[in-house]
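Biologist: Please take one part of this model and go through it closely. Then place it in the wider picture.

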Amino acid sequence: MATLNSNIPNGELIDKWTNYRSSLPLVSPSNKQKLDIIVVGTGLAGASAASSLAEMGYNIKSFCFQDSPRRAHSIAAQGGINASKNYQNDGDSTYRLFYDTIKGGDYRSREANVYRLAEVSGSIIDQCVAQGVPFAREYGGTLANRSFGGVQVSRTFYARGQTGQQLLLGAYSALSRQIANGKVQMFSKHEMLDIVLVNGVARGIIARNLINGQLERYSANAVVLATGGYSNVYYLSTNAMGSNVTAIWKAYKKGANFANPCFTQIHPTCIPVSGEYQSKLTLMSESLRNDGRIWVPGSTDENRSPDQIPEDQRDYYLERRYPAFGNLVPRDIASRAAKERCDNGYGVGETGQAVYLDFKDAISNLGIETIRSRYGNLFEMYNKITGDDPYNTPMRIYPAVHYTMGGLWVDYNLMTTVPGLFAIGECNFSDHGANRLGASALMQGLADGYFVLPYTIGTYLSNEINKSNINTSHEAFDKSESNVLDTINYFISNKGNASVDFFHRELGKIMWEYCGMSRNESGLKKAIVNLKDLKESFWKDIKVLGSSDSLNLELEKAGRVADLIELGEVMVHDALQRKESCGAHFREEYQTDEGEALRNDDDFTNVFAWAYENAESEPKLNIENLTFENVSLSQRSYK
Amino acid sequence: MNKLNITLKIWRQFSPEDDGELVEYNLNNLNPHMSFLEMLDVLNEKLISENNDPIAFEHDCREGICGSCSMMINGEPHGPLKGTTACQLHMFHFEDEDTITVEPWRANSFPIVKDLVVDRSAFDRIIQSGGYISVNTGSAPDGNAIPISRSDATEAFDSAACIGCGACVAVCKNSSASLFVSAKISQLSVLPQGAPEKNERVISMVNKMDEEGFGHCSNTGACEAQCPKGISINNIKHMNSEYLKAKLKK
């Protein structure tokens, strides 16, 4: 076990970033023009980084697997983006945003990174406004805010329920401008399938042109991964169908450590699964819990429709268990409470895997028009998908996987354990600890891409200016490409009987059952066995039709699912070793008498960073110890 | 709800050079709660089990916002439900024993790649020709330094809600991209931040649209009627007037 050095600058927390930024080595404009950077992914983090680096003068090669960079999954974020502007004069500050994020993450994130995030949050809003992002406004023309996720200030900026879309289109427009300027070469419909290391340093990638199936080689002085989260390891999640772990998994297998993989966030209010054919889950904004009341029938043998069940035979279990916060407890707590009721037989709907979210009282107290103005579009979406009308009958909801806090381990410069390989946005682990607060994912993606990486990457690139250009005919590229080709050929030639989706669904069942909302030792051990069996049968029985030299969506999925299965194994391993409950990671053995998460700060105030050994061995554990000098660790209580 | 039995006629085209044809498939016992794309998933699973090439179609977020969906369903982009993308269309909107025809977007500027997948990179190139405000990272003034009236912000948002799916082009008899292009021009010209570049922007984007081979607008309004995000045809009026003003200033 090695201890990882996060390279946090010395000095007081509030001065670290300012001082560090002023002392970073610079790269002169003429040298920047000689340096190439590969950026994989065009979501908020990738598009903002690619455009900012190009503006600075670097030559960028940008990659995405979608048909356009504008379709990256950041586009689907609904709620908003936090920034400590204190425009509402309600006492917000950099420190408060920092503190809320550290506490919300259950004290498993790095103080210096989180403070920096809070520090740059205001500049993000300025940047986006200047790009023409149509944020909501007050009548006087100033920016509007709303409150979010239980914090006590209003710091969330929003563009209706489509904040992610508008921010991404802003970053996409900046990227488009640099493409037009010739500073960014854009490769859409290209999927990164390997990282190429020369003498232990990241020097390029192998990408597959998804339209003609050709493998292509690209070299650079540094590689930046901005490839998002891995919630699709559960098969059903709120992520887009294409979201995958492949890019960061290839990096892991080339030596980048993978941090806290078991920290995955479950969102409490999603539309429940309706059948075996289900392909993804749809999130209903957290804001619904402001006015909706969550309940289940008080009896397990209840067959009446909800309107026939009298008040005294209903169990408003969140209000019962958490009188102080009621329906507004944090995401992890609301999710686990729903699971507890359903597991004990109180769930509703055809599958019994749902609870009611009821607006009857809100409608009678506030009037139907107020409710319509607040949630009209959400009610409409629910109606479109389920055919039910939430104005007349309670919604049925259930938790679903939504975001992954874990990811590639990075130091303060956002560099992984592989020199020259950087990770930004959701695909790194850095800022959210064991639980992410609402409206913070967009903030982190854009902070990394616009305001952090463009500076910190200079530390590395300032040593690159004297290096000769990297030639893609180097044997490291040969070897990498031939490995990628072998796997593709294996899929195409294997005479199996089961489709990729079959294995993906099986993977999802194992992960959701044993490594989902709550985990325990015997379940996790069972998952290890099940995943090993699944992996074996996957490679034996996988069936991919068609050829490798044209558009082949099944082939694309096969490679991704192969990586997700391996990731599943490491997640389970991580969950097993983290013998405490914290944030979204709930180990049943470690809970208070009242069933709440019980941290073990003596042994686990740290980051688990897993290093790949080989196909046969378990990964090796490296540790980063977390030190808290500015906040004191306390037990979260919402009672 | 009762299970559905349906007949599908789906456009199959192996490659851009291939002629392509409508192929008939039958699906029985479908749960009406599944989405249209989940119905296609079920069909693909069936095709794979029979060793037949599955149908290629674009999709990603499956919640109506990424704009990947690109299929004509019974002659209408995204199908019969107004204000809805194909991924959010559920099968309970169809009747038992229905026959459903599924085809790709048809436009010269959107060449077919395979089956229902088309190449929409022309849209990206139009945005690259001027669909942005030229501001470098770090040079922005405070967000509240530029007050914007609520009505302007709302108008800009309404235009900015476009998801770039291309339904407007697919439904237009001239394959015009005017709704798509005008939505971006309106968003950026209604905001004060976009004013300094508005003349160059409108000329450059309109020229690029022509260069990419999209047709002219003849005001039939089909684009607005079929847009899954309700983008208004008033944007086109706005674009035309911006274009004229810009030309006169030149």
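**A strand in the interior, and what surrounds the story**

Modeller: Start with strand 12 of chain A, residues 293–297. Of its 5 residues, 4 are buried, so strand 12 of chain A is largely enclosed by the rest of the structure. Keep in mind that this is a predicted model.

Strand 12 of chain A has a pairing with strand 14 of chain A, residues 355–358. The two run antiparallel and are joined by 3 bridges. One residue pair pins down the register: Arg293(A) has Asp358(A), in strand 14 of chain A, as its bridge partner. Strand 12 of chain A is also joined to strand 13 of chain A, residues 314–315. That pairing is antiparallel too, with 2 bridges. Here Val296(A) stands opposite Asp315(A) of strand 13 of chain A.

Now set a second enclosed strand beside it. Strand 7 of chain A has 7 of its 9 residues buried, so strand 7 of chain A is likewise largely enclosed by the rest of the structure. Its sheet is easy to trace. Three strands of chain A make an open sheet, in the order 6-7-8, and the pairing is antiparallel. Strand 6 (190–198) and strand 8 (215–219) of chain A are the edge strands, each pairing on one side only. On average, neighbouring strands in this sheet are turned by 25° against each other, with direction ignored.

Take the two pairings in turn. Strand 6 of chain A and strand 7 of chain A run antiparallel and are joined by 8 bridges. Val198(A) has Val201(A), in strand 7 of chain A, as its bridge partner. These two strands form a hairpin with 2 residues between them. In that turn, Asn199(A) has a positive phi of about 50°.

What links strand 7 of chain A, and in which sense, to strand 8 of chain A? Strand 7 of chain A covers residues 201–209, and the antiparallel pairing with strand 8 of chain A spans 5 bridges. Ile206(A) faces Arg217(A), which sits in strand 8 of chain A. A helix covers this sheet: helix 13 of chain A, residues 475–493, packs on it and touches strand 6, strand 7 and strand 8 of chain A. The direction of helix 13 of chain A makes about 140° with that of strand 6 of chain A. Back at the loop, the hairpin of strand 7 and strand 8 of chain A has 5 residues between the strands. There, Gly213(A) takes a positive phi near 75°.

Another open sheet of chain A has 4 strands. Its order is 16-10-18-19, and the pairing is antiparallel. Strand 16 (407–408) and strand 19 (620–625) of chain A stand at its edges; each has a single partner strand, so one side of each lacks a neighbour in the sheet. Strand 18 of chain A, residues 606–611, runs antiparallel to strand 19 of chain A, and 6 bridges join the two. One of the bridge pairs is Ala611(A) with Lys620(A), the latter in strand 19 of chain A.

Next, a single residue. Tyr403(A) lies in strand 15 of chain A, residues 395–404. Is Tyr403(A) buried or exposed? Tyr403(A) has 25 C-beta neighbours inside 10 Å, so it counts as buried; the cut-off is 20 or more. Beyond its neighbours within four places in sequence, Tyr403(A) is in contact with six residues listed here: Gly229(A), Ser231(A), Gln265(A), Glu426(A), Arg436(A) and Ala441(A). Gly228(A) is 175 residues from Tyr403(A) in sequence, yet the C-alpha atoms are 9.2 Å apart.

Step out to the chain level. In the contact between the chains, 64 residues of chain A meet 66 residues of chain B. On the chain A side, helix 3 (44–56), helix 5 (111–131), helix 6 (163–180), helix 11 (368–386) and helix 16 (553–577) each supply at least two residues. Helix 6 of chain A gives the largest share, 9 residues. By class, that side of chain A has 24 nonpolar, 26 polar and 14 charged residues.

Chain B splits into domain 1 (4–114) and domain 2 (121–249). Their C-alpha centres lie 29 Å apart. The contact between them takes 19 residues from domain 1 of chain B and 16 residues from domain 2 of chain B. The domain 1 side of chain B divides into 8 nonpolar, 9 polar and 2 charged residues.

Last, confidence. Chain B has a mean pLDDT of 97, with 100% of its residues at 70 or more. For the complex, the predictor gives an ipTM of 0.98 and a pTM of 0.97.

Notes:
Residues are numbered from 1 along each chain as its sequence is written. Chains are lettered from A and ligands numbered from 1 in the order in which they are written. This is a predicted model: local features need pLDDT of at least 70, side-chain atom pairs count only at pLDDT 80 or more; totals for chains, interfaces and linings use all residues. Domain bounds come from an automatic or database domain assignment. Two residues are in contact if their C-beta atoms, placed from the backbone, lie within 7 Å. Ala, Val, Leu, Ile, Met, Phe, Trp, Tyr, Cys and Pro count as nonpolar, Asp, Glu, Lys and Arg as charged, and the others, Gly among them, as polar. pLDDT is the predictor's confidence in each residue, from 0 to 100. Two strands pair if DSSP finds at least two bridges between them. Axes are lines fitted to C-alpha atoms, for helices over the stretch in contact, and angles run from 0 to 180 degrees between N-to-C directions. A residue is buried if 20 or more other C-beta atoms lie within 10 Å of its own, exposed if 12 or fewer, and partly exposed in between; C-beta atoms are placed from the backbone.
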